[in-house]
Amino acid sequence: MGETRHTKVLIIGSGPAGYTAAVYSARAMLSPILVQGLQPGGQLTITTEVENWPGDSHVQGPDLMVRMQEHATAMGAEIISDYITALDLSKRPFTTTADSGTTYIADAVILATGAQAKWLGLPSEEHFKGFGVSACATCDGFFYRGKEVVVVGGGNTAVEEALFLTNFASKVTLIHRRDFLRAEKIMQDRLFKNPKIEVVWNHEISEVVGAHEPRGVDGVKVRDVHSGAERVIPCAGFFVAIGHAPASELVKDQLPLHNGGYVVVEPGTTRTAIPGVFAAGDLTDHVYRQAVTSAGMGCMAALDAEKFLSGH
Ligand SMILES: Cc1cc2nc3c(=O)[nH]c(=O)nc-3n(C[C@H](O)[C@H](O)[C@H](O)COP(=O)(O)OP(=O)(O)OC[C@H]3O[C@@H](n4cnc5c(N)ncnc54)[C@H](O)[C@@H]3O)c2cc1C
């Protein structure tokens, strides 16, 4: 039997949303506990360059997250390396169980468990992640000015990413394993009219190819789904745009979700359907999915939690 700890604010997740919520709630003298989860620092720890975090024209994702953790700790937040396995939101205070056996009893909970991009699952994709393989055109498109890139996917995300990348890339090739797209018609019209975009139908990715020293992508090997014939499409960047999975497992039967599992919050706030439970960052956001927007929502969640607690 592990120990039981009471906290005014429990923050679940250690990405930009969680750490920002920790900074704000610590400064509000709420002595928050933040549980980091299996990916301390969140998604930015799997990337290299970040060029759109205000105040840093150039920072490595993992370094930025270490700084955020240090900032939260310096303000008085308690950061715990553990993983929440169960969360009971049926009555307040809320009860959570962690992998270590510790039970946390919390007057307010800030959910900041983020999301994970879906990947193809190829070993070569893993090898080149952050070195030419990306799941975020908004984040990494800028690195491919004047270069050729490949996008894989057939839904709205893939079409949006392909169109966005035409702002930088000299050519964008969209690979899709079927002969039609799932994206909205209006998006498809824009895609087909764009002279920089070529669509390669009925093909799937079999390998990402590139150099190992220094690590970088040269192309993707694609396979015709009918004939099995393979060829390499040269590119400097490869964008996987087959969707995102919000980490809403803990609350999926307790809170309303939408758009494929994102936690619903009251517009303009981080309040969920349960008073005292707040959600911030990529867990609630299927549109922007950025570090700075997640941090902004983390701030909002701490302020919303503070207001809630002062009224109770
Ligand atoms: C490869 C890549 C590159 C990117 N580049 C940029 C960029 O350049 N600029 C930019 O603005 N954005 C970028 N992004 C997007 C950005 O990383 C996300 O928008 C941001 O990290 C979301 O922050 P978050 O706090 O909501 O959640 P996340 O960063 O997803 O963090 C979620 C946290 O929740 C924790 N967690 C999950 N489940 C549990 C649990 N049960 N118990 C405890 N903890 C749990 C995880 O361990 C993790 O710490 C990039 C994303 C990727 C994947």
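Two strands are taken to pair if DSSP finds at least two bridges between them. Helices (H or I, at least four residues) and strands (E, at least two) are DSSP runs, numbered from the N terminus. The model on display is predicted: local features need pLDDT of at least 70, side-chain atom pairs count only at pLDDT 80 or more, and totals for chains, interfaces and linings use all residues. Residue numbers start from 1 along each chain as its sequence is written.

**The whole chain**

Begin with the protein chain, which has 7 helices and 21 strands. Its radius of gyration, taken over C-alpha atoms, is 21 Å, close to the 20 Å of the globule rule (2.2 Å times the number of residues to the power 0.38) for 312 residues, so the chain is as compact as a globular protein of that length. Along the principal axes, the C-alpha atoms fill a box of roughly 60 × 40 × 35 Å.

Colour the chain by burial next. A residue is buried if 20 or more other C-beta atoms, placed from the backbone, lie within 10 Å of its own; such residues make up 44% of the 312. Contacts join residues whose C-beta atoms, placed from the backbone, lie within 7 Å. Of the contacts with a separation of 6 or more, 61% are between residues 24 or more positions apart.

**Strand E8 and its partners**

Select strand E8 (residues 103-111) together with strand E1 (residues 4-12): the two pair in the parallel sense over 8 bridges. One place to centre the view is Leu10, whose bridge partner in E8 is Val109.

Now add strand E7 (residues 94-98), which pairs with E8 in the antiparallel sense over 4 bridges. Here Thr97 has Thr103 of E8 as its bridge partner. E7 and E8 form a hairpin with 4 residues between them, and Gly101 in the turn has a positive phi of about 105°.

Strand E21 (residues 277-279) also joins E8, running parallel to it over 3 bridges. Ile110 is matched there with Phe278 of E21 as bridge partner.

**Two domains**

Colour domain 1 (4-116 + 244-310) and domain 2 (119-240) separately; these bounds come from an automatic or database domain assignment. Their C-alpha centres lie 31 Å apart. At the boundary, 6 residues of domain 1 are in contact with 5 residues of domain 2. The side of domain 1 that touches domain 2 has 1 nonpolar, 4 polar and 1 charged residues. In this classification, Ala, Val, Leu, Ile, Met, Phe, Trp, Tyr, Cys and Pro count as nonpolar, Asp, Glu, Lys and Arg as charged, and the others, Gly among them, as polar.

**The open sheet**

Select E10, E17, E11, E12 and E13, which in that order form an open sheet of 5 strands with parallel pairing. Its edge strands, E10 (133-134) and E13 (197-200), each pair on one side only. E13 runs parallel to strand E12 (residues 171-175), and 4 bridges join them. Val172 has Ile197 of E13 as its bridge partner.

**The ligand**

Finally, display the ligand and the 41 residues that surround it; the closest are Gly15, Gly37, Gly42, Gly114 and Gly281. A residue counts as near if its C-beta atom, placed from the backbone, lies within 6 Å. Helix H1 (16-27), strand E9 (115-117) and helix H7 (291-310) are the elements that give two or more residues to this shell. By class, the shell has 22 nonpolar, 17 polar and 2 charged residues. Domain 1 and domain 2 both give residues to the shell, so the ligand lies between them.

Methods
Buried ≥ 20, exposed ≤ 12 C-beta atoms within 10 Å, placed from the backbone. Contact = placed C-beta atoms within 7 Å.
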